[in-house]
Every structure is written in structure tokens, then in C-alpha cells.
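Biologist: Hi! Could you walk me through this model?

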Amino acid sequence: VNKFHVQGVNIQNQSLLALYSYSATSGIVVDIGERLEILPVTEGYIVESGVTQQIYGGQKVLDMLNSSFTERRYRFFTDVEHLLVRLALEKMCFVSEDIARDTEKHKQNPQAFHQALSLLPYNLPPNTYTELQNDAGRFRSPEGLFDLSLWGLDNAPLHKLVHKAVQACPMDARR
């Protein structure tokens, strides 16, 4: 205490802090990082029976987007190149409101979903890609969170895990 000149330290769960940042003490926190974590919180307390942690998450979405790029003849192998895939995920991908409709639209007109991401502003070494292009991978990659069969998994999808977390909360806090 004397070395750092502080009176105390409070170590807190990161998900709780995320909820507090919205001036809320009750809610469902969905944390999609390397893995997926769903945390129901009521009046500042974690509802342990509704907590879910899965080994898949953002990394699986990145893997699927990388597969989509591979189909388009892009090759990313090194850790630095995987950062380009992460950039593309952040800039290009979206969750479809109706995956069947968007898949059908894509079959009829692939250009409607085409997007290019310029890599020129990032000062990459010579002989690297200057642009990344994708179309259906933009919405198919994150769709695995809601339909895990696309990723070859048989776990419960994201929306069912959130429902489970809500149901674990006290009845008066569910709204």
C-alpha cells in the first residue's frame, strides 16, 4: 500500500464492469471474445445458474471468415496476416436479420453483397494484398453463432443461451 500510495483495491468481474458502464445493475452481458460468455446479473449480483461459457466465440468467426477468404484465393498464415482477417471482420461482417432471405438474394445477385476493404492506409509491406474482397462470407461467418451446425458443433446457439440466462433470473427481474 505504501509503495503505490493507494488506500485500497477492488478487483471486479469484467462483465459486471461492462454492465455498470451503462449505468445498469441488472441485465444480461454477452461477451464474445476468444470464447463466448453469457452472464445474467440482478442488482449487481451474478446469477450463477444462468452463467454459460463456451469454448467457441470470436475466434471461430475469424476462422470461418478466413475460410471464406481462402475460397476467394486469399491466403493468411502468419499472426500478422490474421490481424488482417480480424480487421475485415470488424469492417465488413454483419449479422443477417434473415439468413435464408440473404442467402437467396446472394444466389440471385452476388454483387449486392460484394464489398472491398482497402488495405492501402495500413502501410503493409510490399507484395502483400492491397484490398480484400468478400460477399457471402460477410454474413455467413457470424451466422455460426446462431446455427452451430454451420461450424460442425452441436452446442446450444447464442439466442438459446441468452434465453436460458434470462430464465435463470428472478421472475420480477426478467423484463
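Modeller: Happy to! Helices (H or I, at least four residues) and strands (E, at least two) are DSSP runs, numbered from the N terminus. With that in hand, Tyr45 is found in strand β3. This is a predicted model, where local features need pLDDT of at least 70, side-chain atom pairs count only at pLDDT 80 or more, and totals for chains, interfaces and linings use all residues. Residues are numbered from 1 along each chain as its sequence is written, and side-chain values use heavy atoms, with hydrogens and water left out.

Biologist: Thanks. Is Tyr45 buried or exposed?

Modeller: Tyr45 has a relative accessible area of 63%, so it is exposed. Here buried means under 20% relative accessible area, exposed over 50%, and partly exposed in between, with a 1.4 Å probe and protein chains only.

Biologist: And how many Å apart are Tyr45 and Ser118 in space?

Modeller: From C-alpha to C-alpha, Tyr45 and Ser118 are 45 Å apart, with their places 73 residues apart in sequence.

Biologist: Okay, zooming out. How many helices and strands does the protein have?

Modeller: There are six helices and six strands. Starting at the N terminus, their order is α-β-β-β-β-α-α-α-β-β-α-α.

Biologist: What about the radius of gyration?

Modeller: The protein has 20 Å, whereas a compact globule of 175 residues would be near 16 Å. That radius is taken over C-alpha atoms, and the globule rule is 2.2 Å times the number of residues to the power 0.38. As for extent, the C-alpha trace spans about 55 × 50 × 25 Å along its principal axes.

Biologist: What percentage of the residues is buried?

Modeller: Buried residues account for 33% of the 175. The protein exposes about 11600 Å², and 52% of that comes from carbon and sulfur atoms. Those areas come from the Shrake-Rupley method with a 1.4 Å probe, and for residues only the protein chains shown count as cover.

Biologist: Let's go inside, then. Where is Asn134 found?

Modeller: Asn134 sits in strand β6, residues 131-134. Its relative accessibility is 1%, so Asn134 counts as buried.

Biologist: Which residues is Asn134 in contact with, leaving aside neighbours within four places in sequence?

Modeller: Taking contact as heavy atoms within 4.5 Å, the partners of Asn134 include Leu65, Ser68, Phe69, Arg72 and Met92, and also Phe113, His114 and Gln115. In addition, the Asn134 side chain reaches the backbone nitrogen of Gly137 at 3.3 Å.

Biologist: Nice. Any other buried residue to look at?

Modeller: Try Ser15, in helix α1 (residues 14-20). Ser15 counts as buried because its relative accessibility is 4%. Not counting residues up to four places away in sequence, Ser15 touches Val29, Asp31, Glu37 and Leu39.

Biologist: Switching to the backbone: what is phi of Glu43 near?

Modeller: Phi of Glu43 is near 50 degrees, a positive value in a residue other than glycine. Glu43 is placed in the loop between β2 (36-42) and β3 (45-46), and at 56% relative accessibility Glu43 counts as exposed.

Biologist: And Asn123, where does that lie?

Modeller: Asn123 is in the loop between β5 (115-118) and β6. Phi of Asn123 is near 50 degrees, again a positive value in a non-glycine residue. With 73% relative accessibility, Asn123 counts as exposed.

Biologist: Last one: what percentage of the contacts between residues at least 6 apart in sequence join residues at least 24 apart?

Modeller: That comes to 53%. Enjoy exploring the model!

Conventions: A polar contact is a pair of N or O atoms within 3.5 Å; within protein, one must be able to donate a hydrogen and the other to accept it, and residues adjacent in sequence count only if both atoms are side-chain atoms.
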